Amino acid sequence: IHAIISERQQQLDAVLHEISGLQSVMDGIKNIHRQLLKKKDRIRHSMILHKGLTSRLWRLPTEVLSQIFHHCLPDHCFPESNRPSALEAPVLLTGVCRRWREVAVNTPSLW
């Protein structure tokens, strides 16, 4: 009977060890889950902020947006033989969105 009890104790110890290992794995998974939830919240918050910014920019009158574009122009003048750089205003502004393209293209003083 002592041998059976001793064997069962060893089996119990082995199962308890497995449970402990699984608990560690589960704690790790819970930690990863919490991190992912925080990351998801940061991404959603960023999306909300950017959507709000976009909607405010869409509400700016064309004349105001055009004036802002003038302030984005590089300090140096382009020689007549060269086109403006695609990496600078006004060309760069035309790649932001459809409205910005329309405003920039229809503002002759930018060119």
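Which residues of helix α3 (residues 98–105) are buried? In this predicted model, the list is Arg 99, Trp 100, Val 103 and Ala 104. They sit on the same side of α3, because the arc they cover around the axis is only 125°.

**The partner helix**

Now look at α2. Its buried residues are Leu 65, Ser 66 and Phe 69. Viewed down the α2 axis, these fall within an arc of 100°, so they line one face of the helix. Flip to the other side of α2 and you find Glu 63 and His 71, both exposed. And what lies over the buried residues of α2? The cover includes α3.

**How α2 and α3 pack**

The two helices, α2 and α3, pack with their axes 10 Å apart and at an angle of about 75°. That angle makes α2 roughly perpendicular to α3, since anything from 65 to 115 degrees counts that way. On the α2 side, the meeting residues are Thr 62, Leu 65, Ser 66 and Phe 69, while α3 brings Arg 99, Trp 100, Val 103 and Ala 104. Sorted by character, the residues of this contact come out as 5 nonpolar, 2 polar and 1 charged.

**The core**

Which residues make up the largest nonpolar core? It has 8 of them: Leu 65, Phe 69, Ala 89, Leu 93, Trp 100, Val 103, Ala 104 and Leu 110. Two elements, α2 (62–72) and α3, each give two or more residues to this core. The top contributor is α3, with 3 residues.

Leu 93 is a handy core member to click on. Leaving aside residues up to four places away in sequence, Leu 93 touches Phe 69, Cys 72, Trp 100 and Arg 101. Two of those names, Phe 69 and Trp 100, also belong to the core.

**A cis bond in the loop**

Ala 89, another core residue, comes just before a peptide bond worth a look. Most peptide bonds are trans. The one from Ala 89 to Pro 90, though, is cis, with omega near 5°. Pro 90 itself lies in the loop between α2 and α3.

**Over to helix α1**

What about helix α1 (residues 2–59)? Lys 40 lies in this helix, and Trp 58 is found there as well. Lys 40 counts as partly exposed because its relative accessibility is 35%. Trp 58 gets that label too, with a relative accessibility of 45%; the band in question runs between the buried limit of 20% and the exposed limit of 50%.

Here are two C-alpha separations that involve these residues:

| Pair | Apart along the chain | C-alpha separation |
|---|---|---|
| Lys 40 and Gln 23 | 17 residues | 25 Å |
| Trp 58 and Trp 100 | 42 residues | 9.2 Å |

Which residues does Trp 58 touch, not counting those up to four places away in sequence? They are Cys 97 and Arg 99. Arg 99 is one of the buried residues of α3, and Arg 99 is also among the α3 residues that meet α2. Trp 100, the other end of the Trp 58 pair in the table, is likewise buried in α3 and part of the largest nonpolar core.

Methods. Residues numbered from 1 in each chain as written. Predicted model: local features only at pLDDT ≥ 70, side-chain atom pairs only at ≥ 80, totals over all residues. Heavy atoms only, no water. Buried < 20%, exposed > 50% of the residue type's maximum accessible area, 1.4 Å probe, protein only. Helix = DSSP H or I, 4+ residues; strand = E, 2+ residues; numbered from the N terminus. Arc of directions from axis to C-beta. Core = buried A, V, L, I, M, F, W, Y, C linked by side-chain atoms within 4.5 Å. Contact = heavy atoms within 4.5 Å. Axes fitted to C-alpha atoms, helices over the stretch in contact; angles between N-to-C directions. Parallel < 35°, antiparallel > 145°, perpendicular 65-115°, else oblique. Nonpolar A, V, L, I, M, F, W, Y, C, P; charged D, E, K, R; others polar.
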